[in-house]
Amino acid sequence: MSSTPTEPGGPVEDGGHLAGVPDEFQRLWTPHRMAYIQAGPEVLREDCPFCEAPQHPDPERLVVARGETAFVLLNLFPYNSGHLLVCPYRHIATYDQATAEEVAEIGALTQTGMRVLREVSRCDGFNLGMNQGAVAGAGVDAHLHQHIVPRWTSDANFFPIIAKTKALPQLLGEVREAIAHAWPR
């Protein structure tokens, strides 16, 4: 067995002698998606994930920070590593139903999330947005949530366009830990 030295994790095994027939496919290992696969497509229909999340330990539901009227968590199905969602605790569907206090805290948490992501992930920009209603593309249309998607100058590639695939370089638990650790107390 030969191995090649690497930086942090030690040697990497040469897979040339392992069983299997080489082919032209590249493999993207995405173990965090197993929760989605095992739950099936109806998981979001039973209980609102944004009402459920604050009732559990933060690491278990990927919660990064909590405020008085709103909280921040990682998107379970991110567009990019570090994709955050800012949600009011109250189960409301649209921005115009939010109180002045909720609007202010959603804004403040969004600003803090951007600062933390810039520090932790060294991103170059952001996409911010709220899809309100199923017709507007909201995956969870009954509970208001603001997306904070970090972007990098070098993150554009052909995967999303050609293969409908996103390459995510970090596991969700690792991303949550880094962001939660950097979040101001």
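Which residues of β5 are buried on one side, and which on the other? In this predicted model, Leu84, Val86 and Pro88 lie on one face of the strand and Leu85 and Cys87 on the other, and all of these are buried, so that both faces are covered. A general point helps in reading this pattern: side chains in a regular strand alternate between the two faces of the sheet. Strand β5 spans residues 84-88, and because 5 of its 5 residues are buried, the strand is largely enclosed by the rest of the structure.

It is worth placing this strand in the overall fold. The protein contains 6 helices and 7 strands, and its elements follow the order β-β-α-α-α-β-β-β-α-β-β-α-α from the N terminus on. Of its 185 residues, 32% count as buried. Contacts between residues at least 6 apart in sequence were also examined, and 59% of these join residues at least 24 apart. The accessible surface of the protein amounts to about 11800 Å², with 56% of that area belonging to carbon and sulfur atoms.

The pairing of β5 can then be followed strand by strand. Strand β4, made up of residues 70-74, runs antiparallel to β5 and is joined to it by 5 bridges. Within this pairing, Val72 has Val86 of β5 as its bridge partner. Strand β7, residues 146-151, also pairs with β5 in the antiparallel sense, here over 3 bridges. In β7, the residue opposite Val86 is Gln146. Val86 thus offers a handy reference point for anyone tracing the sheet on screen: this residue is the bridge partner of Val72, stands opposite Gln146, and is buried on the face of β5 that also holds Leu84 and Pro88.

From Pro88, the view can be extended to a helix. Val103 belongs to helix α4, which covers residues 100-121. The C-alpha atoms of Val103 and Pro88 are 8.7 Å apart, with the two residues separated by 15 residues along the chain. With neighbours within four places in sequence left aside, Val103 is in contact with Tyr95 and Ala98. Whereas Pro88 is buried, Val103 has a relative accessibility of 27% and therefore counts as partly exposed.

Attention now turns to charged side chains. As a general matter, side chains of opposite charge can pair when their charged atoms come close. The structure holds 4 salt bridges, among them one between the side chains of Asp58 and Arg66, with an N to O distance of 2.6 Å. Asp58 is partly exposed at a relative accessible area of 24%, and Arg66 is likewise partly exposed, at 39%.

Another salt bridge links Arg61 to Glu60, where the closest N and O atoms are 3.7 Å apart. Arg61 has a relative accessible area of 30% and is partly exposed; Glu60, at 47%, is partly exposed as well.

A further salt bridge is formed by the side chains of Arg176 and Glu177, at 3.6 Å from N to O. How buried or exposed is Arg176? With a relative accessible area of 9%, Arg176 is buried, while its partner Glu177 is partly exposed at 47%. The cut-off for counting as buried is under 20% relative accessible area, so Arg176 at 9% falls in the buried class.

Methods
Residues are numbered from 1 along each chain as its sequence is written. This is a predicted model: local features need pLDDT of at least 70, side-chain atom pairs count only at pLDDT 80 or more; totals for chains, interfaces and linings use all residues. Side-chain values use heavy atoms; hydrogens and water are left out. Buried means under 20% relative accessible area, exposed over 50%, partly exposed in between (1.4 Å probe, protein chains only). Helices (H or I, at least four residues) and strands (E, at least two) are DSSP runs, numbered from the N terminus. Two strands pair if DSSP finds at least two bridges between them. Contact means heavy atoms within 4.5 Å. Accessible areas come from the Shrake-Rupley method with a 1.4 Å probe; for residues, only the protein chains shown count as cover.
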